[in-house]
Amino acid sequence: MKEKVVLDSIDQALLRELQNDGRLPNKTLAQRVGVAPSTCLARTQRLMESGVIEGFQAQVSAAAIGRQVQAILAVQFIAHSRPLVDPFVAWAGKRPETRALHHVTGAFDFLVHTACRDTEDLRQLVLEFTARREVGRVETHLVFGSWPGGPLTPG
């Protein structure tokens, strides 16, 4: 587990702004937070080096690229053990349909957010999941809508 980084009000403001728009130019970010551009750049770099900021990425619309059907696959293993978990994570994470992969507690072992072209594509994906030796059961939940949460703040 990573060591908790102490964040002051400037760090928190930087994180809030960057989570709302990760493409803000440094000068604009500095103005919004109320610090000099050099301070802003140094603070942002420190947040990246310490692992608080893990990276920046584009948010792509699944529907805009032809993946109209989204679903959450609740996957239950036949037995929960490390030799089964690691290969599954590697396989599922590389699938082009996988948007997110969550290792969870409860009746299921994994929740896999997927984006497929259509229901036939989803059916084929479910069959591929159930064909894996570690998978005992897959329950499919269609996603009708998704909304992002607000910026993540220190707890």
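Does Ala107 count as buried or exposed, and at what relative accessibility? In this predicted model, Ala107 has a relative accessibility of 53% and therefore counts as exposed, the cut-off being over 50%. The residue sits in the loop between β2 (98-103) and β3. Although 31 residues separate Ala107 from Gln76 in sequence, their C-alpha atoms are 7.1 Å apart in space.

**The largest nonpolar core**

The largest nonpolar core has 18 residues, and those touching the most other members are Leu73, Val75, Phe88 and Phe129. At least two residues of this core come from each of β1 (69-77), α4 (82-94), β3 (110-116), α5 (119-130) and β4 (135-142). Strand β1 gives the largest share, namely five residues. In soluble globular proteins, nonpolar side chains tend to be buried together.

Leu73 illustrates the contacts of this region. Leaving out residues up to four places away in sequence, Leu73 touches Phe110, Leu111, Val112, Thr114, Leu122, Leu125, Val126, Phe129, Val138, Glu139 and Thr140. A second core, separate from the largest one, has 13 residues, among them Leu18, Leu24, Leu29 and Cys40.

**The helices α1, α2 and α3**

Helix α1 covers residues 9-20, twelve in number. From its first C-alpha to its last, α1 reaches 17 Å, close to the 16 Å expected at 1.5 Å a residue. At the N-terminal end of α1, Asp8 acts as a cap, with a side-chain oxygen 3.0 Å from the backbone nitrogen of Ile10. Asp11, Ala13, Leu14, Leu15, Glu17 and Leu18 are the buried residues of α1. Their cover includes α2 (26-33) and α3 (37-49).

Two helix pairs involving α3 are set out below.

| Helix pair | Crossing angle | Axis separation |
|---|---|---|
| α1 and α3 | about 80° | 10 Å apart |
| α2 and α3 | roughly 100° | within 8 Å |

Because angles of 65 to 115 degrees count as roughly perpendicular, α1 and α3 fall in that class. On the α1 side, the contact is made by Ile10, Asp11, Leu14, Leu15 and Leu18, and on the α3 side by Cys40, Arg43, Thr44, Arg46 and Leu47.

The crossing angle of α2 and α3, roughly 100°, likewise makes α2 roughly perpendicular to α3. Here Asn26, Leu29 and Ala30 of α2 meet Pro37, Cys40, Leu41 and Thr44 of α3. Cys40 of α3 takes part in the contact with α1 and in the contact with α2; Cys40 is also one of the residues of the second core.

**Buried charged residues: Asp121 and Arg95**

Asp121 belongs to helix α5. Its relative accessible area is 9%, so Asp121 is buried, the cut-off being under 20%. When residues up to four places away in sequence are not counted, Asp121 touches Arg67, Glu97 and Cys116.

Arg95 is located in the loop between α4 and β2. With a relative accessibility of 14%, Arg95 counts as buried. The side chain of Arg95 makes a polar contact of 3.1 Å with the side chain of Glu97. Glu97 is thus a partner of Arg95 and is also touched by Asp121. Apart from neighbours within four places in sequence, Arg95 is in contact with Leu125 and Glu128. Leu125 is also among the residues touched by Leu73.

Note on methods
Residues numbered from 1 in each chain as written. Predicted model: local features only at pLDDT ≥ 70, side-chain atom pairs only at ≥ 80, totals over all residues. Heavy atoms only, no water. Core = buried A, V, L, I, M, F, W, Y, C linked by side-chain atoms within 4.5 Å. Buried < 20%, exposed > 50% of the residue type's maximum accessible area, 1.4 Å probe, protein only. Helix = DSSP H or I, 4+ residues; strand = E, 2+ residues; numbered from the N terminus. Contact = heavy atoms within 4.5 Å. Expected span 1.5 Å × (residues − 1). Polar contact = N/O pair within 3.5 Å; in protein donor to acceptor, adjacent residues only side chain to side chain. Axes fitted to C-alpha atoms, helices over the stretch in contact; angles between N-to-C directions. Parallel < 35°, antiparallel > 145°, perpendicular 65-115°, else oblique.
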